[in-house]
Amino acid sequence: MARLTIIKQDNPLIRKQSKIVDDFSPRLHEILDNMQETLFHARGMGLAAIQVGILYRMAVIITEEYGVVEIINPIIKTAKNQRVDSEGCLSCPGISGRVRRPHLVTLEYQDRNGKKHTQTFRGIDAVCCCHEIDHMNGILFIDKMEQ
Ligand SMILES: [Zn+2]
């Protein structure tokens, strides 16, 4: 495994749209393994592929409820319980702020083998999923920060 470089908010790549993942080969697994190592080392909660310069719709999340979850091609099916909570991002070092997000989210996504899942995430896990899906659309939490 190898640690990858996390790009920061001033890198124009971070604003790009990520593409659908359609190749679930060992090459994908290698990227996801490296993303996991990068996330653990950075002591973050979530890392989207775009944050390591890979423009595909996937992220690794360390959840409270399920442990490490890889969400590939995620789609938000339901989003409830909007609340404001404190947030940060590995691509925006030194910045934290309050963001309104759903705290109960049901996602459809694929795992690293392409298998489809429907799963409900709660609390900070739901926030993290929405934060990472925003990354896949070129959106940063600082765009949504409240006063
Ligand atoms: Zn982030």
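How many bridges join strand E4 to strand E6, and in which direction do the two strands run? In this predicted model, the pair is joined by 2 bridges, and E4 and E6 (residues 145-146) run antiparallel. Within this pairing, Arg98 stands opposite Glu146 in E6.

Strand E4 is a good place to begin a tour of the sheet. E4 spans residues 97-110 and is mostly covered, with 10 of its 14 residues buried. Besides E6, strand E4 has pairings with E3 and with E5. Strand E3 (residues 67-87) runs antiparallel to E4, and 12 bridges join the two. Strand E5 (residues 116-122) is likewise antiparallel to E4, here with 7 bridges. Leu107 of E4 offers a handy landmark in both pairings: Ile76 stands opposite Leu107, and Leu107 in turn stands opposite Gln119 in E5. The hairpin formed by E4 and E5 has 5 residues between the strands, and Gly114 takes a positive phi near 90° there.

From the sheet, attention turns to the metal site. The zinc ion is coordinated by three side-chain atoms, namely SG of Cys89, NE2 of His131 and NE2 of His135, at 2.0 to 2.2 Å. Along the sequence, these donor residues follow the spacing C-x41-H-x3-H. The two histidines belong to helix H2 (residues 123-136); because His131 and His135 are 4 residues apart in this helix, about one helical turn separates them. Both His131 and His135 are buried.

Helix H2 also invites a look at the cysteines. Which cysteine sulfur is closest to that of Cys129, and how far away is it? The closest is the sulfur of Cys128, at 6.4 Å, which is too far for a bond, because a disulfide requires the two sulfur atoms to be within 2.5 Å. Cys130 is in no disulfide either, and the nearest cysteine sulfur to its own, that of Cys129, lies 6.6 Å away. By the same distance rule, the count for the model comes to 0 disulfides.

Are Cys129 and Cys130 buried or exposed? Cys129 has 0% relative accessibility and therefore counts as buried, since the cut-off for burial is under 20%. Cys130, at 6% relative accessibility, counts as buried too. These two cysteines thus join His131 and His135 among the buried residues described here.

Conventions. Residues are numbered from 1 along each chain as its sequence is written. This is a predicted model: local features need pLDDT of at least 70, side-chain atom pairs count only at pLDDT 80 or more; totals for chains, interfaces and linings use all residues. Side-chain values use heavy atoms; hydrogens and water are left out. Buried means under 20% relative accessible area, exposed over 50%, partly exposed in between (1.4 Å probe, protein chains only). Two strands pair if DSSP finds at least two bridges between them. Donors are N, O and S atoms within 2.8 Å of the metal (3.2 Å for Na, K and Ca); water is not among the atoms, so sites may look incomplete.
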